[in-house]
Amino acid sequence: MNNSRITEMICPIPLSDYPEITMAHGGGGRLMNDLIGRVILKAFSNPILDSRHDGAVITAGEGRLAFATDSHVITPLFFPGGDIGALSVYGTVNDLAMCGADARWLSAGFIIEEGFSMETLWRIVVSMAEASRKTGVLIVTGDTKVVDRGKGDGIYINTAGIGIIPEGIDVSPSRICEGDVVVLSGDIGRHGIAIMAVREGIKLEGAIRSDLAPLDSMARDLIREGLDIHCMRDLTRGGLASGLNEIASMTDCSIRIEENSIPVHDEVLGACEILGFDPLYVANEGRFVVILPRENGDKAVEILRRHENGHQAEIIGSVEKSSYADLLMISSIGSERIVDMMSGEQLPRIC
Amino acid sequence: MKYVSEYRDKESALAYTELIRELVTREWSIMEVCGGQTHSIVKYGIDQLLPDSVTLIHGPGCPVCVTPIELIDQAAEIAGLANVIFCSFGDMLRVPGSRSDLLGVKASGGDIRMVYSPIDAIRIAAANPDKEIVFFAVGFETTAPVTAAAVLQAEHLGLDNFSMLVSHVLVPPAIEAVLSGENCAIQGFLAAGHVCTVMGYTEYEPIAEKYGVPIVVTGFEPLDILEGIHMCLTQLEEGRTNVENQYLRAVSRDGNRAAVEIMRSVFEITDRKWRGIGRIPSSGFMLRERFTRFDAGRKFDVGSIEVDEPAICISGEVLRGNKKPPECAAFGNDCTPEHPLGAPMVSSEGACAAYYRFRLARGK
């Protein structure tokens, strides 16, 4: 294999810009997008990767497979509504589900810090087993490494997964077109606020639980009912705003959403008000958007609402002819504004 | 959400807009002083709802934006020291100094902690007696009482390892600086509701009288701002120049006396340099003599850093309300939230960042 081309490549993010990785490079916003687009994709570019779907769609013989990976580095390891174990399974299962695939096989890679409690490890592994049982995936291969004390944050887990895409299913951002509607599966911002509250010791009146949940059964039902799904995307870091911006940037269209139609729990809204956050940018782990033809919109909402994690599903917007920005929103008082991709991370405001 | 959604109601907003349209007979320019109000105005498109004859000018009321560049450099230098835990509010971390921002110092190994209150920094100091804990005390009269409480707490606990870099600034001198500037076109002000929650609004009365401008203490939700604008325009149309209070649910004329008391016991008034504007007399707080041992500037001997601001950046003009962000040559190309040249592009309350996020067309 000829490696000379790669070694001759110059790092495309000028050193003067960012000589070092900052936390914002992992925040799910524009800086992370830049890093992926200008460094990772540049080095590895190929048609499968360049489609920038939640997972890779691969043709293997007669059938098609989806292949996805996700690394989990969360503090605290156990949080209201979940833990790193369940998160590591659902994260990859959800990415596969967004490709329209039935998740089947997972790998699990553990990087564990010296001194980590064996009992805690066992709790995490049991949670992973439970999550894989619920979603019908098998953890079929794995790897374990231990690093010196101080060189890891307790435990990091990477999972990768393979799923089978049923015949005739083609879910991809490239299919989005004018006239489609955007369906959101539930209220936004729970995961980010739940983690934030625990991590920063912010006491909220009612405990907000993470929305962590598998999305496979909802996605499967949408497909089984024969809806012509153009695109699905699970909303993780960077929240609804970043997810929709990413999707819109891959199409020739703009997306317009209505602020008043986006469900946000009062406790989440309250915490956001205190911290100066916008719920549109707060992380989720059990919510996704479906983009499909307008005539399928109500049916999609009806199907999602049959599920425990989809009972607040709503049509929140539509796909339109390309406008002056990728993502626009009609605000609660009726004016229109751009919803930009987040720059780095959301930082709490002073006042 | 109760006490929030009522103030973001579409029908009421449209009704207020209609009232304003019926009221206005000529052109008026009003400055909203506070960055939080600027953020709301641009985020909710409140200016788009107003008649063309009413111009909103964005004021210097973003504490993050006006913190001078040398203080950011001092903060970065202290934060990079080996034995220091540097504590700051979140949105100060990305403000560019002349060499680096605090997030950059963190990436290079500095122990920088984001805190929500200076009291958190006190807790960290108590838990880490072998480290020096430095708090970056930024903000207007809104945050100053809590900073003052932290100083008293540190004194009470006998914490020798706690100090702060004080950059507290005051609103009334900034309003006077704007009003006494050349070619000031501002005819009325919306004063910052939460600053007045602490301070009350008696100190605005002589300003309204001296300069002949109406000042309306205003909240931050869309309907607060629309009502504040309506009250200000009513005064202008009637030729009155009073201080009025729109933000009745939070502000009283005398403010929060206990908070003011604690603040005055710890701080004394001093001249301060404002980023983009320059030195404004009696416009900030410094620690009183009794508390100088908590002054990080003295403790770490970084007082002499002097730096120039980027020449192309017109943040001073923006902060004084003479120009709007899109009038800057660097806006949106050389200067973006990822690569800010001036502080108003950094803070979410900065006028440039607000315009960039909510207004700048980025088509395909």
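## Backbone outliers and packing in chains A and B

A:Arg52 sits in the loop between helix H3 (47-50) and strand S1 (56-60) of chain A. The model is predicted. A:Arg52 is not a glycine, yet its phi is positive, about 50 degrees. Most residues other than glycine have a negative phi, and most peptide bonds are trans. B:Ser282 also departs from this pattern, with a positive phi of about 50 degrees. B:Ser282 belongs to strand S11 (residues 278-287) of chain B.

| Residue | Phi | Relative accessible area | Exposure |
|---|---|---|---|
| A:Arg52 | about 50 degrees | 28% | partly exposed |
| B:Ser282 | about 50 degrees | 40% | partly exposed |

Chain A holds a cis peptide bond between A:Thr75 and A:Pro76, with omega about 0 degrees. A:Pro76 lies in the loop between strand S2 (63-72) and strand S3 (78-79) of chain A.

Now to chain B. Strand S1 (residues 28-34) of chain B runs parallel to S2(B), and 6 bridges join them. B:Ser29 stands opposite B:Thr55 in S2(B). Strand S2 (residues 54-61) of chain B is mostly covered, with 7 of its 8 residues buried.

Two helices of chain B also pack together. Helix H1 (residues 10-23) and helix H12 (residues 222-238) of chain B meet at an angle of about 15 degrees, their axes 10 Å apart. Angles under 35 degrees count as roughly parallel, so H1(B) and H12(B) are roughly parallel to each other. Their crossing is left-handed. Contact residues include B:Tyr16 and B:Ile20 of H1(B), and B:Leu226 and B:His230 of H12(B). The contact residues divide into 9 nonpolar, 4 polar and 2 charged.

Terms used:
Residues are numbered from 1 along each chain as its sequence is written. Chains are lettered from A and ligands numbered from 1 in the order in which they are written. This is a predicted model: local features need pLDDT of at least 70, side-chain atom pairs count only at pLDDT 80 or more; totals for chains, interfaces and linings use all residues. Side-chain values use heavy atoms; hydrogens and water are left out. Buried means under 20% relative accessible area, exposed over 50%, partly exposed in between (1.4 Å probe, protein chains only). Helices (H or I, at least four residues) and strands (E, at least two) are DSSP runs, numbered from the N terminus. Two strands pair if DSSP finds at least two bridges between them. Axes are lines fitted to C-alpha atoms, for helices over the stretch in contact, and angles run from 0 to 180 degrees between N-to-C directions. Angles under 35 degrees count as roughly parallel, over 145 as roughly antiparallel, 65 to 115 as roughly perpendicular and the rest as oblique. A crossing is left-handed if the near helix is turned anticlockwise from the far one by less than a right angle, and right-handed if clockwise. Contact means heavy atoms within 4.5 Å. Ala, Val, Leu, Ile, Met, Phe, Trp, Tyr, Cys and Pro count as nonpolar, Asp, Glu, Lys and Arg as charged, and the others, Gly among them, as polar.
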